[in-house]
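Have the sequence and the viewer ready before you read on. We'll go from the sheet to the ligand and then out to a bent helix.

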Amino acid sequence: MRLKGAVVVITGASSGIGEATAIAFARRHARLELGARRLDRLNVVADRCRKSGSPDVHVRLLDVAQRASARAFIAATLRDYERLDVVVNNAGVGWQGRVHEMPEDKVDELIATNLKGVINVTQAALRWMIERRCGVIVNVASVAGFRAAPYSAVYGATKHAVVGFSHALRGELSGTGVKVSVVYPGVTSGTEFFEGRARSSGPVYPVGWVANVIVRAARFPRRDVIVLPMRLVQMAEPILGGLMDHAIGEVRRRDLPS
Ligand SMILES: NC(=O)c1ccc[n+]([C@@H]2O[C@H](COP(=O)([O-])OP(=O)(O)OC[C@H]3O[C@@H](n4cnc5c(N)ncnc54)[C@H](OP(=O)(O)O)[C@@H]3O)[C@@H](O)[C@H]2O)c1
């Protein structure tokens, strides 16, 4: 996929990984459609993208959890550019704590944003992509998509679901010219994701570095984009997974209020 002039849609572009990804695509002169719920923040990101080299940037209010909003977002992109090359499904939320204490509205929010949001935006984009026999969908999962951490059970469940959705869709689309890639970031600095919550243990990746991994996934859409040393964790999962459940549970218990 050639990125210069390509039309790239990014959900959750108002902060963190989405914002950095927008700037990384802008540096490669892609045209951008940025969506999130905070329009003021999107406008700031859009200015940075223009200064970074993007020839065209549009921002839109978007709530990925609402099917109608996702459809309107993609329809607006097609009106603005009359094409659509890359969708980065990045919008996501987290929650940490004991499963039996998790409020129902938080459960609903995580599923609606992290899973249904990906499905909503993908469904809205697919018809156009399949008809034109081109396009790349990059889904931002997490290492929690293969190594779910204790005290983030619902988050891990949504990210496992995103992985399953992406792999099945990739098979469904084989031969259509539309590609699907899943990126699995580890703990990333420079985002708002852990605000008010303890950060998971393990290596920390700079947000700009993660953004470049996402851009590369759009250019070369591999099925799974897992960086070292997380690839080793994934490979160890069938053998050491049970042990890791307990070990990570032990570590994370120390951060929880009693
Ligand atoms: N940070 C990490 O360590 C890490 C690690 C692995 C995976 N991830 C994943 O990376 C993605 C981005 O997270 P981040 O780390 O960049 O966190 P972040 O800074 O909190 O960004 C989350 C983004 O999602 C948007 N968003 C949330 N709910 C939305 C909704 N209903 N509709 C549209 N946009 C929505 C937010 O914008 P508005 O509030 O303006 O809507 C914001 O732009 C998430 O999918 C997350 O699960 C993060």
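Here is a walk through the model, one region at a time.

First, the ground rules. This is a predicted model, where local features need pLDDT of at least 70, side-chain atom pairs count only at pLDDT 80 or more, and totals for chains, interfaces and linings use all residues. Residue numbers start from 1 along each chain, following the sequence as written. Helices and strands are DSSP runs numbered from the N terminus, with helices being H or I runs of at least four residues and strands being E runs of at least two.

Start at strand S5, residues 136-140, where five of the five residues are buried. Buried here means that 20 or more other C-beta atoms lie within 10 Å of a residue's own; exposed means 12 or fewer, partly exposed is in between, and the C-beta atoms are placed from the backbone. Side chains in a regular strand alternate between the two faces of the sheet. In S5, Val-136, Val-138 and Val-140 point one way, while Ile-137 and Asn-139 point the other way, and all are buried.

What sits beside S5? Strand S4 (residues 86-89) pairs with S5 in the parallel sense over four bridges, where pairing takes at least two DSSP bridges between the strands. Val-87 is the residue opposite Ile-137 in this pair. To get from S4 to S5, the chain passes through H4, making a right-handed β-α-β crossover. Right-handed means that, with the strands pointing away from the viewer, the path from the first strand over the helix to the second runs clockwise. S5 also runs parallel to strand S6 (residues 179-183), joined by five bridges, and there Ile-137 stands opposite Val-180. The S5-to-S6 crossover goes through helix H5 (residues 153-172) and is right-handed too.

Now for the ligand. Its shell holds 29 residues, and the closest are Gly-12, Gly-16, Arg-37, Arg-38 and Gly-92; a residue is counted if its C-beta atom, placed from the backbone, lies within 6 Å of the molecule. Helix H1 (16-27), helix H4 (104-132) and strand S7 (187-189) each supply at least two of these residues, and H1 gives the largest share, three residues. By class the shell has eleven nonpolar, 13 polar and five charged residues. In that scheme Ala, Val, Leu, Ile, Met, Phe, Trp, Tyr, Cys and Pro are nonpolar, Asp, Glu, Lys and Arg are charged, and the others, Gly among them, are polar.

A few backbone spots deserve a look. Most residues other than glycine have a negative phi, and most peptide bonds are trans. Glu-82, in the loop between helix H3 (67-81) and S4, has a positive phi near 60°. Glu-82 counts as exposed because it has 9 C-beta neighbours inside 10 Å. Arg-133, in the loop between H4 and S5, has a positive phi of about 55°; with 10 C-beta neighbours inside 10 Å, Arg-133 is exposed as well. The Leu-228 to Pro-229 peptide bond is cis, with omega near 0°, and Pro-229 lies in the loop between strand S9 (224-225) and H7.

That loop brings us to H7. Zero of its 24 residues are buried. Where does H7 have its kink? The kink, of about 90°, is centred on Leu-240, the bend being the angle between axes fitted to the seven residues ending there and the seven starting there. H7 spans only 22 Å between its end C-alpha atoms, against 34 Å for a straight helix of 24 residues, the expected span being 1.5 Å times one less than the number of residues. Leu-240 is exposed, because 12 other C-beta atoms lie within 10 Å.
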